Number of protein chains: 2
Amino acid sequence: MKATINDVAKLSGVSIKTVSRVMNNEPSVRQLTREKVQAAVKELNYQPNLAARNLAGTKSYTIAYVYDNPNAYYVIDMQEGILAACRQQGFELLINPCDSQQENITEDVINTIKQARVAGLVLTPPFSENPEFVKRITDLDIHVVRIMSGDTAPDELSPCVMVNDRDAAQTITQHLIDLGHNKIAFIAGGAEHMSTIERYKGYRRALKANNIEFNKNLLIEGEYSFESGVNGAKQLMSLDNAAEDRPSAIFSCNDEIAAGALFAARLMNISIPEQLSIAGFENSPFSRQTWPKLTTANQPNKEIAKNAASLLISQVRKQKNNNEISQYVPQLVVRDSTGQLS
Amino acid sequence: MKATINDVAKLSGVSIKTVSRVMNNEPSVRQLTREKVQAAVKELNYQPNLAARNLAGTKSYTIAYVYDNPNAYYVIDMQEGILAACRQQGFELLINPCDSQQENITEDVINTIKQARVAGLVLTPPFSENPEFVKRITDLDIHVVRIMSGDTAPDELSPCVMVNDRDAAQTITQHLIDLGHNKIAFIAGGAEHMSTIERYKGYRRALKANNIEFNKNLLIEGEYSFESGVNGAKQLMSLDNAAEDRPSAIFSCNDEIAAGALFAARLMNISIPEQLSIAGFENSPFSRQTWPKLTTANQPNKEIAKNAASLLISQVRKQKNNNEISQYVPQLVVRDSTGQLS
DNA sequence: ATAAGAATTGACAGCGCTGTCATTGTTTTG
DNA sequence: CAAAACAATGACAGCGCTGTCAATTCTTAT
């Protein structure tokens, strides 16, 4: 029922070794031979047996996704993207959820990837932002691709797929400015996240580009939570209007914060967007479940993850891969929570 | 570095075949021998090579989680539970996200599980609620364990882990009644979900047990969405109060609906819980991100999934497994969105 | 045209385990 | 106590593939 390499060899009239070569994109196979084999592969719908490959070879056909992130939507998207790349390339995916705060987490992860003979790792924050952790892994000759916030890779430890939160945040802030706002507050997420830092930088850059002076009363240091949004917005909206401090727009570091801010505004009978504009970031399902729906920035996580995983697989295979995009800029999604003052 | 079966055989002074027997819990091994081997296994920290097992044996050590569910929190919890069981038992997990509405989905899934030599499937709604689908799989001698809503398995196709939404819904409704409410509305989720039906039944049963007459104006047929909660609550709260139709409590079929209802109440300047109690269901992270926080019912998804997966693995191994719980009743979590009328 | 060199291909062993079946050890029974 | 019955163990092949290395074919330069 299931075709083996032997069937392919017979059908195409070559040895199994040659079939193996074709399947692994090895050089030293004549073009004609290659095509014959590929035809047979197609006809028999042959797919190499992963178990046999893993057993026989010194190479590994398994990559892992090591994560620790409370945002289920993010994780699922990443995972599905990675999975798509794996399926395409005949790789296996080991999922490894874990607690990045745990004492011996690095050793634990190393153990797991040794045990399972993992060839490479896709890392997302917070792991991707921890150079010590990354170094420990790459020192073991295990390939790594990191997905992280920024515009260029921070070091040479591994290839990175960058998410340019800064530019995106600048775009969002500019959107607010274009709407006529000049008192724009920023509710930050936890400062331990690079994404917070980057988004903040983008916000500041937009202000600067438009000659709007930064007012530190309009900066709230929060964390990535609904509650933080509620408190931040409350604090902001109780600023003295006479002193011209009270903002007419709030840029929240993510959608959850924005939802909280939205909620607080509602509590204070401030109508959105007539009296106050609120923007989020992430385009999580959350942002469509608020009322009004949130203006936000969309990052195509599935696509990012798929690309990162393909990159990783090319690395593992020692093939080059030219059509990788190494920087993504989240795109502005304008919905109903931002508008001109009226 | 990594111990093989050979090392264990040498250390314990038996043949590799005997070690294999011990590792697979096969009979026909003397107790003394078994212990010797187990000691060696422990000393060498030996773990059988999955690839070799899969390649050599006719048995498979892979189970799959086939899902199609928009609720990322649910999926992640399920997946992590299944993963935990797999790790414990030395199984491999194949993750298979897919679209249950797709034309040839059944064939696709069958193809995948044949290709990967999957021994068993963990199914959650909507797949677990589709008997045709389940039958197609079990006809192939592939083991299945279903997680679904109800109190007893609907058929003999496969073992089931039941989530007794009905009893839980009754408990929630009773909680509302105990608080003094007797005009309790129900905003349903999509009727194609068993969970909706079950939760509705529990609601009706609680009414009946307390001699409260069912008022069909208080039943809103919605779907599992925020918007549905908004619309449902609006409709309910505009009911004529004079006719004594307007509810003082709303039982929403899940947290998302409840969040919508909460939001609508806020829009109408109805204070929660002073003027209206709202209960959700699911205890999703969502329910802690509303204000006030939602009273809801908690289902320990991770644990349910872990149990279901262990059950599946026992089936696959043809071992019996007595300590499985086959029914879970979600527990009432009282928070701030329900209270007495004041 | 021909030898040296390079490119292509194949034979064969073996990865770590399980299935089959033969062998050895231990009980039971007449 | 011998024979039959059964329990415990091991020898060996082989799962489907890859790595090594030798054999073959094709180039190229002389």
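Which helix gives the most to the lining of the largest cavity? That one is settled in the first view below; every view comes from a predicted model.

**View 1. The largest cavity, lined from both chains.** Here is the reply to the opening question: α11(B) gives the most to the lining, with four residues. The elements that put two or more residues into this lining are α11 (255-267) of chain A and α11 (255-267) of chain B. There is one cavity of 30 Å³ or more to look at, and the volume of the largest cavity is about 230 Å³. Its lining takes in 17 residues, and the closest to the centre are A:Phe226, A:Phe263, B:Phe226, B:Phe263 and B:Gln289. Sort the lining by class and you get twelve nonpolar residues, four polar ones and one charged one.

**View 2. Where chain B meets chain A.** On this interface, 36 residues of chain B are in contact with 36 residues of chain A. The two chains bury about 3500 Å² between them, and carbon and sulfur atoms account for 60% of that area. If you want three residues to pick out on the chain B side, go for B:Gln115, B:Gln289 and B:Trp291: together they supply 19% of the area that chain B buries against chain A, more than any other three residues. B:Gln289 should look familiar, since it is also among the residues closest to the centre of the largest cavity.

**View 3. DNA strand C and the residues around it.** Strand C is surrounded by 26 residues, and the closest ones come from both chains: A:Arg21, A:Thr33, B:Ile5, B:Ser20 and B:Tyr46. What part of the strand does the protein come up against? Of the strand C atoms within 4 Å of the protein, 63% belong to sugar or phosphate, and the rest belong to bases. As for the kinds of residue on this surface, ten are nonpolar, ten are polar and six are charged.

**View 4. Phosphate contacts on DNA strand C.** Zoom in on the phosphate oxygens and three contacts are worth labelling. A backbone N or O atom of A:Ser15 sits 2.8 Å from one phosphate oxygen of strand C. A polar backbone atom of A:Arg30 is 2.9 Å from a phosphate oxygen of strand C. From the other chain, B:Asn24 uses its side chain, with an N or O atom there 2.9 Å from a phosphate oxygen of strand C. Pull back a little for the secondary structure: the elements giving two or more residues to the surface near strand C are α2 (16-23) and α4 (50-56) of chain A, together with α2 (16-23) and α4 (50-56) of chain B.

**View 5. DNA strand D, with phosphate and base contacts.** Around strand D there are 26 residues, with A:Ile5, A:Ser20, A:Tyr46, B:Arg21 and B:Thr33 the closest. Sugar and phosphate make up 63% of the strand D atoms that come within 4 Å of the protein. For a phosphate contact, look at B:Thr18, which has a polar side-chain atom 2.7 Å from a phosphate oxygen of strand D. For the bases, B:Arg21 places a polar side-chain atom 2.5 Å from a base oxygen of strand D, while B:Ala56 has a backbone N or O atom 3.2 Å from a base oxygen of strand D. Helices α2 and α4 of chain A and α2 and α4 of chain B each supply at least two residues of this surface. By class, the surface near strand D has ten nonpolar, ten polar and six charged residues.

**View 6. Cis peptide bonds and a positive phi, in loops.** The bond from B:Pro125 to B:Pro126 is cis, with omega near 5°; find B:Pro126 in the loop between β3 (120-123) and α7 (131-138) of chain B. The bond from B:Trp291 to B:Pro292 is cis too, with omega near -5°, and B:Pro292 is in the loop between β9 (277-279) and β10 (296-298) of chain B. Over in chain A, A:Asn269 is a residue other than glycine with a positive phi, near 55°. A:Asn269 lies in the loop between α11 and β9 (277-279) of that chain.

Definitions and conventions:
Residues are numbered from 1 along each chain as its sequence is written. Chains are lettered from A and ligands numbered from 1 in the order in which they are written. This is a predicted model: local features need pLDDT of at least 70, side-chain atom pairs count only at pLDDT 80 or more; totals for chains, interfaces and linings use all residues. Side-chain values use heavy atoms; hydrogens and water are left out. A residue is near a molecule or strand if one of its heavy atoms lies within 4 Å of it. A polar contact is a pair of N or O atoms within 3.5 Å; within protein, one must be able to donate a hydrogen and the other to accept it, and residues adjacent in sequence count only if both atoms are side-chain atoms. Ala, Val, Leu, Ile, Met, Phe, Trp, Tyr, Cys and Pro count as nonpolar, Asp, Glu, Lys and Arg as charged, and the others, Gly among them, as polar. On a 1 Å grid over the protein atoms alone, a cavity is a set of points where a 1.4 Å probe fits but cannot get out, and a pocket is an open set with protein on both sides within 12 Å along at least five of seven lines; lining residues have an atom within 4 Å of a point. Grid points are joined across faces, edges and corners, and a volume is the space filled by probe spheres set on the points. Contact means heavy atoms within 4.5 Å. Buried area is the accessible area (1.4 Å probe) that two parts lose on being put together, summed over both.
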